[in-house]
Amino acid sequence: MKLYSQRLKENNPQQPLVYDSIPQEFIQQYFYIAEDFFNTLPKPLSERHRYWEYLCRKYCLEKGIPLLGEDSECYYEELMLYLKSSETSVEDILDVLELTFSLELVQPVVFFTAESKKRWGDFLDEYFQDKQDHFLNLQKKYVDDLNQRFRQHNLGYELVNGQIIRKESELLVQETITPAFALLKDNRFSSAEDEMQKAFRFRKDGENAEAISNAEKAFESTMAVICNELQYTIKGTKRSAGVYLTALRDNGFYPSYLNDHLTHICNTLDKGLPCVRNEHGGHGAGTASTYISDAFADYALHLAATNIVFLVDLFNEKKLKHKGN
């Protein structure tokens, strides 16, 4: 359901995404969503407030700050005051949001005492494993709700695959980043998924050279898996993005009538992302520190995600066709 004012806002021309401020209304909506989320989870020790307590403790530990709510044990109220304070940065708010929906917080084992873990550990691990899919489905529902509120307030962030990412446009996220992570959930591409997650973590931390490096690794790993799965021969002993691209072309990975068009795309991939990485993220910086802008790092991540979707889609089509024959 959308209110009249929300529909009216959607009909207006799109405004630039906001990155440097979080409205109070969004923070209040976060608490509604988080409270509903926690209420759907198991009740360790029959006390739901322990989710809020653990959230505060974990956050304060990671940030190295005094514990919120320690004196009053009103963790919910203290966290709300903290997030609504003008002294709390956007980055701090996003850290709390990301931690709220982390799998570690969902797992009920963390709320049992050390003695209980020792006595019931195997049973609890087995219980959680059986319920994990159910928990993750619940998690997805509330993450989707949170992302809708990001869009409602025109905030340039989204929670994707457990991480807050900065997005340049709604279309870009929908068409590249989210599909890339979905495709890489295939166990065969686990290395590429891990490298892509690292890329976004580094990007979030402002370590742009490492972000570019891991984006390229994910791109290269994707091609390596495809070549291995399709049993393509790799010429020579060198392994690089260009070598894997050559193998894909030489083995007719794409239909011949698309040769000119896809050759151009392959040249862009070969001389685009790998060169971005080689020039800025693949070698030692020496005594000079090279500044890599956020826009440049975003370009590398988005280029990697776009090309991963393209390659894996072609791969899945080929495997499906082969299975049908």
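This is a short walk through one protein structure, from its overall make-up to a few individual residues.

Hi everyone, thanks for coming. Please keep in mind throughout that we are looking at a predicted model.

Let me start with the overall picture. The protein has 14 helices and two strands. It has 325 residues, and 45% of them count as buried. If you take the contacts between residues at least 6 apart in sequence, 63% of those join residues at least 24 apart. As for the surface, about 18,300 Å² is exposed, and carbon and sulfur atoms supply 50% of that area.

Now let's go inside. How many cavities of 30 Å³ or more does the count give? The count comes to two. I'd like to show you the second largest cavity, which has a volume of about 30 Å³. Its lining is made up of Ile 165, Arg 166, Phe 200, Arg 203, Asp 298, Leu 301 and His 302. The elements that give two or more residues to this lining are β2 (163–166), α9 (190–204) and α14 (294–324). Which of the elements provides the largest share of the lining? That is α14, with three residues. In chemical terms, the lining of this second largest cavity divides into three nonpolar residues, one polar and three charged.

Next, please turn to helix α5, which spans residues 90–100. This helix is mostly covered, with nine of its 11 residues buried. Among the buried ones are Val 90, Ile 93, Leu 94, Val 96 and Leu 97, along with Asp 92, Glu 98 and Thr 100.

Asp 92 is the one I'd like to stop at. Is Asp 92 buried or exposed? Its relative accessibility is 15%, so Asp 92 counts as buried, the cut-off being under 20%. What does its side chain make polar contacts with? One partner is the side chain of Lys 63, at 2.8 Å. Another polar contact, of 3.1 Å, joins the side chains of Asp 92 and Ser 89. Leaving out residues up to four places away in sequence, Asp 92 touches Tyr 59, Lys 63 and Tyr 82. So Lys 63 turns up both as a residue that Asp 92 touches and as a polar partner of its side chain.

Let's move on to the backbone, with two residues in loops. Asn 154 is not a glycine, yet has a positive phi of about 60°. You'll find Asn 154 in the loop between α7 (114–152) and β1 (157–160). Gln 231 is not a glycine either, and has a positive phi of about 55°. This residue is in the loop between α10 (208–229) and α11 (241–250). What about their surroundings? Asn 154 counts as buried because its relative accessibility is 16%, under the 20% limit. Gln 231, on the other hand, is exposed, with a relative accessible area of 71%.

My last stop is Tyr 75, in helix α4 (residues 75–84). Tyr 75 is buried, with a relative accessible area of 5%. Where does Tyr 51 sit relative to Tyr 75? The two are 24 residues apart along the chain, and their C-alpha atoms are separated by 9.3 Å.

That's my tour. Thanks for listening, and I'm happy to go back to any of these spots with you.

How values were computed:
Residues are numbered from 1 along each chain as its sequence is written. This is a predicted model: local features need pLDDT of at least 70, side-chain atom pairs count only at pLDDT 80 or more; totals for chains, interfaces and linings use all residues. Side-chain values use heavy atoms; hydrogens and water are left out. Helices (H or I, at least four residues) and strands (E, at least two) are DSSP runs, numbered from the N terminus. Buried means under 20% relative accessible area, exposed over 50%, partly exposed in between (1.4 Å probe, protein chains only). Contact means heavy atoms within 4.5 Å. Accessible areas come from the Shrake-Rupley method with a 1.4 Å probe; for residues, only the protein chains shown count as cover. On a 1 Å grid over the protein atoms alone, a cavity is a set of points where a 1.4 Å probe fits but cannot get out, and a pocket is an open set with protein on both sides within 12 Å along at least five of seven lines; lining residues have an atom within 4 Å of a point. Grid points are joined across faces, edges and corners, and a volume is the space filled by probe spheres set on the points. Ala, Val, Leu, Ile, Met, Phe, Trp, Tyr, Cys and Pro count as nonpolar, Asp, Glu, Lys and Arg as charged, and the others, Gly among them, as polar. A polar contact is a pair of N or O atoms within 3.5 Å; within protein, one must be able to donate a hydrogen and the other to accept it, and residues adjacent in sequence count only if both atoms are side-chain atoms.
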